[in-house]
Amino acid sequence: AVLDEALLKGAVRYPLSSALNEDGNMFIFGHSTTISVVRNQMYKAFNRIGELREGDTIKVVGGGEAHIYRVHTVRRADADEARINLSTTAGVRKLTLSTCDLSFGDKTARFIVEADFIGSYKDQ
């Protein structure tokens, strides 16, 4: 219920995943919709996630810094198959994004994007 409430305000970092500046996998998920008119625009937060391709970069901003990740995998999966590895490896920072893919099937279909950390800088 807490995560569902947070999703109404935007994308959410899964609490047991790594945070910015920590080794491991930071897992962020958000809503997407194929409905053209919605009151809460946060339901469109990850609408274009399926357009990401290998080599694209993703910027995550927090704590006054921009953290850049390079996409290496974009895939579709059923929620039952969509296991996210949250293990930590010293010196390795990763990002995983996920959302429902309503065009792929029902609400159990997911887009999953995996990316590797490539650097950070002060965000102004």
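Hi everyone, let's start at a turn. Strands β3 and β4 make a hairpin, with 2 residues between them. Look at Gly-63 in that turn: its phi is positive, about 60 degrees. Keep in mind that this is a predicted model.

Walking away from the turn, Gly-62 has Glu-65 of β4 as its bridge partner, and Val-61 sits opposite Ala-66, also in β4. In total, β3 and β4, the latter covering residues 65–78, are antiparallel and share 6 bridges.

Now let's cross to the next neighbour. β4 also runs antiparallel to β6, residues 109–122, and 13 bridges join the two. One pair to find on your screens is Asp-78 facing Ala-109 of β6. From β6 we can step on to β5, residues 93–100: that pair is antiparallel too, with 7 bridges. Here Cys-100 lies opposite Arg-110 in β6.

So what is the order of the strands across the sheet? It reads β1-β2-β5-β6-β4-β3, an open sheet of 6 strands with mixed pairing. The edges belong to β1 (12–13) and β3 (57–62); each has a single partner strand, so one side of each has no neighbour in the sheet.

A word on confidence before I stop. The average pLDDT for the chain is 85, and 90% of the residues reach at least 70. Which element has the highest mean pLDDT, and which the lowest? Our hairpin strand β3 is the highest at 94, while helix α1, residues 2–7, is the lowest at 84. As a general reminder, where pLDDT is low, please don't read the predicted coordinates in detail. Thanks, everyone!

Terms used: Residues numbered from 1 in each chain as written. Predicted model: local features only at pLDDT ≥ 70, side-chain atom pairs only at ≥ 80, totals over all residues. Heavy atoms only, no water. Pairing = 2+ DSSP bridges. Helix = DSSP H or I, 4+ residues; strand = E, 2+ residues; numbered from the N terminus. pLDDT = per-residue confidence, 0-100.
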